[in-house]
Structures are given as C-alpha cells and as structure tokens.
Amino acid sequence: MSTFEQLTQYGHAHQIPILMDESMEWLEKILLEYRPSTFLEIGTAIGRTSIEAARILPDLQVMTIERDPEMAAQARKNIEASEQKDRITFIEGDARYVDLSGQTFDLIFIDAAKSQYRRFFEKYSPLLSENGLIITDNMFFHGLVEHPERTHNRHTKGLIRRLRAYWEFLETNEEFETTILNIGDGLALTRRKHA
Ligand code: SAH
Ligand code: MG
C-alpha cells in the first residue's frame, strides 16, 4: 500500500478531517497545472496532503503548520518516514502566531480552524507570490453555511457566522478575487486582482 493510501485509511479510521477525495483530486490537478515551487499548508493534521503534494511535484518545497500536539506527533512521524521528508518543513505551533515573514509562497492552503480563516488569510496573504493562489477548504461546512437552521448548537452557529463573514470578506475584497467551487466540502480559490 502506498503512503498516501495508508494515511487515507488511518485518517478515516481515526476520524481525522483529512481532505475529501474529490477535493484532493482537484488539488492534484491544480498542482500539476499550476506547478508552484512553494506550498504553505495551515493545518497539517497527519501530513497527508503535504506529503502527497510533495510526491506529485518533485521540486516542490512544502511548509506546513499544526498546533495540536497529538496530530503534530503523527505528522512529524509520517513526514519523517516519507521519501519527501527533505522537502517538507514541519512547524508545530499555532498558525496565528508563527512568523514566516520574508518568505513567499506560490500556493497557500488554508485548512485549519474555521473560526480563524480570516485571520489566517490576513496574516499569510501578504506572503503570496505575485501570481500565487490561496485555496481554502470547508467553505460549505457540510451544508451548514447554506442551511444554518440545521443546527441548534451555539458553538456551531458561531462557526457558521464566522465562515459566512469570511465568505463575505473574500467576495468584497479589493485586492483579491475569489471563486467558490462546489467540490467536496466547498473550496475557495483566490488570486490577486490585476488591473
Ligand atoms: N490539511 C489536512 C487536514 C487538516 S484538519 C489534510 O488535508 O489532510 C485541520 C487541522 O488544523 C487539525 O489538525 C487542527 O489541529 C489544525 N489547526 C486548527 N487550528 C490551527 C491553528 N490555529 N494553527 C495550526 N493548526 C491548526
Ligand atoms: Mg478541510
């Protein structure tokens, strides 16, 4: 079994919110078409997407951030065991406070706490290269963004509000333009507006 298949099985068995199949297929297509040199992932989980991205593009440099100590331990172990380990920099820490200033990324993948999406965007979008892409996962939040009445949980309602605010923030952004894609749990594809 390939590393990718192993991590996929492990993710499903342990209820880890790994990227949905359809979204992963789309991301692989984007990687092959767009051929970024540098990739930043916010929210590593067990390292599945980072390792796969580095596998698909043999020159890609990956940086990925995870704050949960148990996930981080898994990610570190999986990355270390992968053939791609020399091109993947793993950072254990809260992405709100990690300092990557001075670095640039061709592709930034936001896939961590939904309540903090805007904050991640504002912090990391200045590091995006001129023609770079920002991809955000879980824009639909399992249909709850469209149908907030389906939950009565206060915490979930709060998350829906934050996600809607992020959606609005992207749609009204002066510097960036965004397309929301009906793939998996909803992906936002953002790039700089060019005059
Ligand atoms: N990108 C992964 C899935 C990530 S799941 C994949 O494609 O397989 C979301 C992860 O984000 C969780 O492991 C969670 O612990 C992490 N996370 C949430 N908020 C974070 C933050 N502020 N900084 C770093 N990681 C965070
Ligand atoms: Mg996700």
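## The pocket of ligand 1

The space that ligand 1 takes up is the largest pocket of this structure, which is a predicted model. Around ligand 1 stand 22 residues, and the closest of them are Glu 41, Gly 43, Thr 49, Glu 66 and Asp 111. Sorted by character, this shell is made up of 11 nonpolar, 5 polar and 6 charged residues.

## Polar contacts to ligand 1

Two acidic side chains approach nitrogen atoms of the ligand: a polar side-chain atom of Glu 41 lies 2.8 Å from a nitrogen atom of ligand 1, and a polar side-chain atom of Asp 111 is likewise 2.8 Å from a nitrogen atom of ligand 1. For Glu 66 the partner is an oxygen atom of ligand 1, which is 2.6 Å from an N or O atom in the Glu 66 side chain. Ligand 1 would expose 580 Å² if taken alone, and the protein buries 93% of that area.

## The magnesium site

Asp 111, which is among the residues closest to ligand 1, also takes part in coordinating the magnesium ion (ligand 2), together with Asp 137 and Asn 138, at 2.1 Å. The donor atoms are OD of Asp 111, OD of Asp 137 and OD1 of Asn 138, and along the chain these donors follow the spacing D-x25-D-N.

Asp 111 and Asp 137, 26 residues apart, link distant parts of the chain. Asp 111 belongs to the loop between strand S4 (105-110) and helix H5 (117-124), whereas Asp 137 belongs to the loop between strand S5 (128-136) and helix H6 (154-171).

Definitions and conventions. Residues numbered from 1 in each chain as written. Chains lettered and ligands numbered in written order. Predicted model: local features only at pLDDT ≥ 70, side-chain atom pairs only at ≥ 80, totals over all residues. Heavy atoms only, no water. Near = heavy atom within 4 Å. Polar contact = N/O pair within 3.5 Å; in protein donor to acceptor, adjacent residues only side chain to side chain. Areas by Shrake-Rupley, 256 points an atom, 1.4 Å probe, with all protein chains shown as cover. 1 Å grid on protein atoms, 1.4 Å probe; cavity = no way out; pocket = protein on both sides within 12 Å on 5 of 7 lines; lining within 4 Å. Sits in = over half its atoms within 2 Å of the grid points. Nonpolar A, V, L, I, M, F, W, Y, C, P; charged D, E, K, R; others polar. Donors = N, O, S within 2.8 Å, 3.2 Å for Na, K, Ca; no water. Helix = DSSP H or I, 4+ residues; strand = E, 2+ residues; numbered from the N terminus.
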